[in-house]
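Welcome, and take a moment to look over the model before reading on. The paragraphs below walk through it one region at a time.

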Amino acid sequence: MVVTIRSLGLQGVSGYEVSVECVLSGGLPAFDVVGLPDAAVKESRERVRAAIKGCGAKFPVSRITVNLAPAALRKEGTVYDLPILLGILAAQGDIEPPPEAAAFLGELSLTGALRPVTGTLPMALAAARAGVRELYVPAENAAEATLADGLTVYPVEDVRQLLAHLRGERKIPRAVEWTPEGTAETGPDFADVMGQENVKRALEVAAAGGHNILLVGSPGSGKSMLARRLPSILPDMTRQEALEATEIWSVAGKTDPRRPLLQRRPFRSPHHTASPAALAGGGSFPKPGEISLAHNGVLFLDELPEFSKDAIEVLRQPIEDGEITITRAAGSVRMPSRFMLVCAMNPCRCGWRGHPSGRCTCSDAAVERYVSRISGPMLDRIDLHVEVPSVEFEAMRRKQSPEPSAAVKERVNAARARQAERLAGAGIACNAHMTAPMLGKFCVLDDGGEKVLQAAFRRMGLTGRSHDRILRVARTIADLDGAERISAAHLAEAIQYRNADILQR
């Protein structure tokens, strides 16, 4: 008799249903697992053998064949240990086959205890879509699995406990749906930053519209400090945004069992030695990289020119498409990667170009070589180019407290609310993602604005992409002002943020 146990698998950051088929047959004793298993799945044979003996059951002395369907998809990881064990026990009559509406996943220890696995949330969401009603997972993964609606989640400590439950001897209490307690921490506050009002304004505009921003300034001017405070003024994530980000973090094994749902927008800051694969994701079985881990959040690249050219160019497609496609021999996967790109850099190799101290020793040719490490197409994809000047002594000694992040966040939330109303049903959340038809509909200029934009287009040698990004930024500035139409003043401010000449001063 063939026994089928429902389970789940992962492909990229998406879950899918897997049927674990087990059959016992005559012949020499053997234990075969088929269905494109990787090494970790094949090794489950020894874990399952030890766990069956550890829970007091008898391991069958016969030919055991386990098929993981669909067989065309590569199976990886240790999530199939538990369903394989249950399939063998049901095939030899030790337990009744589990209900059809139940699914199982989990890694076994040699003693029969269940260990946590990665990717529980996307697999739980896939189970709910597949019509599963009961999901049995390791106890440490139970809180995360409850984030998927429509499932009854059972936290399993070990095999003995699960077998007693399936036999009706002692029921496992269902896991209580996890809910956030209190509000998420916002992190560092803008109230800590003295001076730099123009940069704070630019970051407010970037946060309100989800725009990419480049900060250029000498060492110690506060570029990194300001960038790290950006999450404190970003709007809170919606439930859907939080689930999307948590799915990716779950696959990467970065979720906290006690607080499984991300409540604060991700802020990823990879070191400049990061490889293109570390940013994009990869491996024989592709895993999320930094740009996917920053989905619905911020990707901060400090010392941008120090990143390798290949690493920087990896960002081009995700910035445009909001997702990245990774192709390997095992297949192709798509991973979401819609993030705010925040970059910081010095104006030259030594860092002191344009500083009042006059200590820069770089020649014009050296500065040009340094800046040229950022390609024109990449620079064209950054909406705001902002100079971060050295902080003046008077600003550092000022007695009154700067404006806190909470006050800035109120304005950002109000602007985002206007965008949400305007873009309702379009599948996007902010101005930075507006398509060309949307720009024609929502970014109408008066005669004065047309003249300002035309003059800037000719004088600055803008591209079509630059033109569209200026309009998006101008629309955001108008939203911050509560204006229905874009005025010449809004457009002029957007144009001044497009000043790439700051890289040559």
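What you see is a predicted model. A good place to start is strand S17, which covers residues 340–345. Six of its six residues are buried, so this strand is largely enclosed by the rest of the structure. Follow its side chains and you will find Met340, Val342 and Ala344 pointing one way, while Leu341, Cys343 and Met345 point the other way. The residues on both sides of S17 are buried.

Which strands pair with S17? One is strand S10 (residues 213–217), which runs parallel to S17 and is paired with it over four bridges. Here leucine 214 stands opposite cysteine 343. Another is strand S14 (residues 298–302), also parallel to S17 and joined to it by five bridges. In that pairing, phenylalanine 300 has valine 342 as its bridge partner.

From S14 we can step back to the loop between H11 and S14, where asparagine 296 lies. Its phi is near 65°, a positive value in a residue other than glycine. Asparagine 296 counts as buried, at 11% relative accessibility. On the other side of this loop, helix H11 spans residues 290–293. Its residue glutamate 290 forms a salt bridge with arginine 268, at 2.7 Å from N to O. Arginine 268 belongs to strand S11 (residues 267–268), and the pair links parts of the chain 22 residues apart. Are these two charged partners buried or exposed? Glutamate 290 is buried, with a relative accessible area of 15%, and arginine 268 is likewise buried at 15%.

Now turn to the helices. H7 (residues 197–209) and H17 (residues 405–422) hold another linked pair, 207 residues apart. Arginine 411 in H17 forms a salt bridge with glutamate 204 in H7, and their closest N and O atoms are 2.8 Å apart. The two partners differ in setting: glutamate 204 is buried at 6% relative accessibility, whereas arginine 411 is partly exposed at 31%. The salt bridge sits within a wider contact between these helices, in which Glu204, Ala207, Ala208 and Gly209 of H7 meet Val408, Arg411, Val412, Ala415, Arg416 and Gln419 of H17. The helix axes come within 8 Å and cross at roughly 35°, and the crossing is right-handed.

H7 also has a part in covering helix H21 (residues 488–496). The buried residues of H21 are His490, Leu491, Glu493, Ala494 and Ile495. Helix H19 (447–460) and helix H20 (464–481) are, with H7, among the elements that cover these residues.

Next, look at the earlier part of the chain. Strand S3 (residues 30–34) carries aspartate 32, and strand S4 (residues 63–69) carries arginine 63. The side chains of these residues meet in a salt bridge of 3.1 Å, N to O, so the pair ties together parts that are 31 residues apart in sequence. Both partners are partly exposed, aspartate 32 at 27% and arginine 63 at 33%.

Two backbone details are worth finding around these strands. In the loop between S3 and helix H1 (39–42) is leucine 36. Leucine 36 has a positive phi of about 55°, although it is not a glycine, and it is partly exposed at 37%. In the loop between S4 and helix H3 (81–91) is proline 70. The peptide bond leading from alanine 69 to proline 70 is cis, with omega near 5°.

How many salt bridges does the structure hold? The count is 26. Some charged residues join in a network of salt bridges, made up of Glu320, Asp380, Arg381, Asp383, Arg465, Arg469 and Arg498.

Finally, why are there zero disulfides? A disulfide needs two cysteine sulfur atoms within 2.5 Å. The sulfur of cysteine 350 has its closest cysteine sulfur in cysteine 348, at 3.5 Å, so that pair is too far apart for a bond. For cysteine 362 the closest cysteine sulfur is in cysteine 350, at 3.6 Å, again too far. Cysteine 350 is partly exposed, with a relative accessible area of 25%, while cysteine 362 is buried at 17%.

Note on methods:
Residues numbered from 1 in each chain as written. Predicted model: local features only at pLDDT ≥ 70, side-chain atom pairs only at ≥ 80, totals over all residues. Heavy atoms only, no water. Salt bridge = Lys/Arg side-chain N within 4 Å of Asp/Glu carboxyl O. Buried < 20%, exposed > 50% of the residue type's maximum accessible area, 1.4 Å probe, protein only. Contact = heavy atoms within 4.5 Å. Pairing = 2+ DSSP bridges. Axes fitted to C-alpha atoms, helices over the stretch in contact; angles between N-to-C directions. Left-handed = near helix turned anticlockwise from the far one by under 90°.
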